[in-house]
Amino acid sequence: MKNCRPSKVMTAHEAVSRYVHDGDSVITGNYTEGLPFSLLFEIIRQRKKGLTYYSQSGSADVEFMVAGDCVDKLCTAFLHKWGGRAAGGMVERYQRAGKLQVEDYSNFTYNARLAAGANGYSFMPVLPSIMDSDVFKIRDYMGENKFGVVRCPFTGREIPVVPAANPDVCLLHVQRADKHGNAQHWGGLGSTVHACLASKTIIVSCEELVDFDVIKSSPHHTIVPGFRVSAVIEEPYGCHPSELPGYRNPDMTMLRFIDNSFSSDEGLRSMFDEWVYGLPDRASYIKHYIDVFGVESLNRYRARSYYSAPADYGVAFESGWDTYGQALLLGVDIAGLEQLIAEKGDLVDVD
Amino acid sequence: MLTKQVTKEELLIVTAARQIKNGDVVALGIGMPILAGAVAKNTHAPEAVLLMESGIVDFEPCVLPVNVADATCTRGYGYSVDLFSVFTTIAYAGYLDKAFLGVGQIDKYGNLNTSFLGTPPAAQRITAAGGAPEFYAYAKETILTMKGKGFVEKLPYMTSPGYLGGGDEREKSGRYTPGSGPSILITPKGIFKFHPETREMYLDALFPGVGVDEVRADIPWDLKIADPLGSFPVPQDEEIVFLRRLSPVSSFSNTTGKELVMAHIRKQMEEKATGR
């Protein structure tokens, strides 16, 4: 029998070279936390070009991707103001220099594009106040297609709508996943589920690879089913310096260090040789962090456990037979069932 | 009772915190709003439901978070939901009592710019829209905070509509929660409110050591002043003690805070390099 549930476990290098192509649209699934930095750094190291990048949080993730010259177009809802008031971060510098096209949505309207994409709709209604905002009126590369307006067939009211977004590749970092790609995440959800399910290919990195037994005893934490996932990477610290509930707080030492890099003319690029190009994988990145800041600094941000109360999924019966060997609803044992079949069954001759 | 020395930043945070009533459902953003929400919840409003647009609902800030889905906010919270549902099932459906928004630029009718200081794409950025336009439209009431001097006659980019052209324009449009809009703006110099009919912003109270002329100097229109002026809230020890426990760096201005943190990191790196 063909193995229909193969292991999808591979390295970040393999996943990115296999599934991310020049010119693709790529979305970071995580919303401000658990940002998939290992996968993003791999994309930068492989010097992918011409990407349309979706980043709702507009945090350090997009700064690295833009500084890596991977991105031509950015769809976002927020951009953290790195690098001080005047200079700004890499996104701002590239946008102002005409090297990057940026389409600005609000968090809700950005999420609505993905909700449409995830559910298979071609557009999604959004909330009417946006029509008074310059988010609606001022348009970049999406042009006419940034928003539309339809009339409700029932109330006659005007309703602004956004087009569906279906990125080519979604990058997701989670607490745990199994080898088939069943991905479990807990904490701030943002638009993570919509981002994943709207995408054609999903790459999952996880802090821990677990057995399917763990997944099936806690399905309420599974945010993406394995059959939608193409690659699974076991990548401890895969989201560092971003945080992940149960694992670590944001690494403020590294984030301040990143922030400080913007004060140079090169901005974030000044970190690339040492921190991105110079380190082939996540393990070497963490080793380098320890060399620079010390293991004490890494451990300072480690989470102390606060466990979720277990949810009891127990049932009374695990087959059509009760614990005394009696058939449910019939009240007979195996021999009794076979006797009933002989007497009352509509028997057929199959020899 | 107040026995502690209080900084300007702390006074602003406590002023914002006092806007929250016990039991309110409140949307918070990063920075001063989170600090204000945490202070309120740990002092006069323990039953407030604090939420962030990432879908972390009914949480208790214990450390200053750096973003709206920060893991420091998910150590025990009541309701985990997605962002889309926060805006539809909570805000648009009418269950959000208050929202806090940080302001880049504001005009006299409380319209906000948090995007660009000119026409994109060439203009300097502020940040971007984030959750502001929809929270501002659908929370029953919004509390605004502004650190800079962003009062302008005409916004170069209107991210989040306030009272639009003033009067009943917002109400009449039918695009907003009835009765919603900004109730108060808190800046380092004072407290501003909005006239119930004209919806024009006016100065309601001054912070200590600030004169009316200093406020007027930042404002390009002929600012109306409440007569008599109102007063600012005097922080209490329990508020200040809690705030310093939550976020010791927040007693300082952003610039001073960043300098203090960076000096500490440099010291750590030096100690590491010299093998201590």
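Begin by selecting A:Thr253, A:Arg256, A:Phe257 and A:Asn260 in H9(A) together with B:Val261, B:Met262 and B:Ile265 in H8(B), for these are the residues through which the two helices meet in this predicted model. Sorted by class, the contact of H9(A) with H8(B) has four nonpolar, two polar and one charged residues.

Now show both helices in full, taking residues 252-261 of chain A for H9(A), and turn the view until you can follow their axes, which come within 10 Å and cross at roughly 110°. Because angles of 65 to 115 degrees count as roughly perpendicular, H9(A) is described as roughly perpendicular to H8(B).

Next, widen the selection to the whole interface, where 51 residues of chain B are in contact with 58 residues of chain A. On the chain B side, colour helix H3 (83-92), helix H4 (132-138) and helix H8 (254-273), each of which supplies at least two residues of the side that touches chain A; the largest share, six residues, comes from H8(B). If you then colour this side of chain B by class, you should find 28 nonpolar, 15 polar and eight charged residues.

Finally, move to chain A and select the open sheet of three strands, which has the order E5-E7-E6 with antiparallel pairing. Its edge strands are E5 (123-125) and E6 (148-151), each pairing on one side only, and neighbouring strands of the sheet are turned by 40° against each other on average, direction ignored. Zoom in on E5(A) and E7(A) (residues 158-163), which run antiparallel and are joined by three bridges, and stop at A:Met124, which stands opposite A:Val162 in E7(A).

Notes. Residues numbered from 1 in each chain as written. Chains lettered and ligands numbered in written order. Predicted model: local features only at pLDDT ≥ 70, side-chain atom pairs only at ≥ 80, totals over all residues. Contact = placed C-beta atoms within 7 Å. Helix = DSSP H or I, 4+ residues; strand = E, 2+ residues; numbered from the N terminus. Nonpolar A, V, L, I, M, F, W, Y, C, P; charged D, E, K, R; others polar. Axes fitted to C-alpha atoms, helices over the stretch in contact; angles between N-to-C directions. Parallel < 35°, antiparallel > 145°, perpendicular 65-115°, else oblique. Pairing = 2+ DSSP bridges.
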